[in-house]
Amino acid sequence: MKYGVILLLFALLAPASGDTLQLTVKDKEDYGSGPVSQGTYFPGGLGGNLGILAGHANALAWRKDRILIRFYLGDLYLKEQLPQIKSARLKLNIYFVANTDPLRTLSVYNLLYDPAKLSVMELNSDNVQLAGTAPNLLKKHPPEGNDGEIVIDAGSAVQYALEQKFLYLTFRITDSAELTTNTTRRGICTIIQSPALGKGKNPTLIIDYQ
């Protein structure tokens, strides 16, 4: 009998192992990009198999393309109370960097509101919070293995979204190239892998919770 009590106490005191939810963008309504300067947003990204990109997509001096990606959080509301978020990671994979520069970076922001649908408004909104930055470098194109993989800590972004009862968590991605005028007479941008490219390794949000 005493051994049964000990086992019961151990089970009650032992930390819960928790669960992991992996979310991946699939529909064009959930990702896209567009130039701030032209006030245009393209669900699913640009045509011609370019997909989603940030920076200056062509030789225009001031284009400022930005990427939008959102993840559905509805499965986290199925329990009676909100889950405890242990950690969350946003994984992105660079497919191509045009006009490389070792000093260039990608910045990832999470929106502090939940838009009904992604639009040009989200490309411009100041109602965002910086989630993290990363270098946008590739060893070679097309990338092999983990080359070009970016992992951003998204724990605070997920926690905020749940507290605000957001149905979707939206991220905006920018290339530091947008901070300067494009004088190269060619595109200076970063293409992120997405369903539009059909290369796999699509944007993924991994959430550990209990």
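Colleague: How much space lies in the largest pocket?

Modeller: Happy to help, and do keep in mind that this is a predicted model. Rolling a probe the size of a water molecule over the atoms shows where empty space is left. For the largest pocket, that space comes to about 160 Å³.

Colleague: Which strand gives the most to the lining of the largest pocket?

Modeller: The lining includes Leu-23, Thr-24, Arg-70, Phe-71 and Tyr-72, and its residues divide into four nonpolar, one polar and four charged. Strand 1 (19–24) and strand 5 (65–72) each supply at least two residues. The one that gives the most, with three residues, is strand 5.

Colleague: Why are the buried residues of helix 3 on the same side?

Modeller: In helix 3 (residues 155–163), the buried residues are Gly-155, Ala-157, Val-158, Ala-161 and Leu-162. They sit on the same side of helix 3 because they cover an arc around the axis of only 165 degrees.

Colleague: What covers the buried residues of helix 3?

Modeller: Strands feature here. The cover includes strand 6 (85–97), strand 7 (105–111), strand 9 (149–153), strand 10 (168–175) and strand 12 (204–209).

Colleague: Which strand gives the most to the largest nonpolar core?

Modeller: That core has 35 residues, of which Ile-69, Leu-90, Phe-171, Leu-205 and Ile-207 touch the most other members. Leaving aside neighbours within four places in sequence, Phe-171 is in contact with residues including Ile-69, Leu-90, Ala-157 and Leu-205. The strand that gives the most to this core, with six residues, is strand 6.

Technical notes:
Residues are numbered from 1 along each chain as its sequence is written. This is a predicted model: local features need pLDDT of at least 70, side-chain atom pairs count only at pLDDT 80 or more; totals for chains, interfaces and linings use all residues. Side-chain values use heavy atoms; hydrogens and water are left out. Buried means under 20% relative accessible area, exposed over 50%, partly exposed in between (1.4 Å probe, protein chains only). Helices (H or I, at least four residues) and strands (E, at least two) are DSSP runs, numbered from the N terminus. The arc is that of the directions from the helix axis to the C-beta atoms. Contact means heavy atoms within 4.5 Å. A nonpolar core is a set of buried Ala, Val, Leu, Ile, Met, Phe, Trp, Tyr and Cys residues joined through side-chain atoms within 4.5 Å. On a 1 Å grid over the protein atoms alone, a cavity is a set of points where a 1.4 Å probe fits but cannot get out, and a pocket is an open set with protein on both sides within 12 Å along at least five of seven lines; lining residues have an atom within 4 Å of a point. Grid points are joined across faces, edges and corners, and a volume is the space filled by probe spheres set on the points. Ala, Val, Leu, Ile, Met, Phe, Trp, Tyr, Cys and Pro count as nonpolar, Asp, Glu, Lys and Arg as charged, and the others, Gly among them, as polar.
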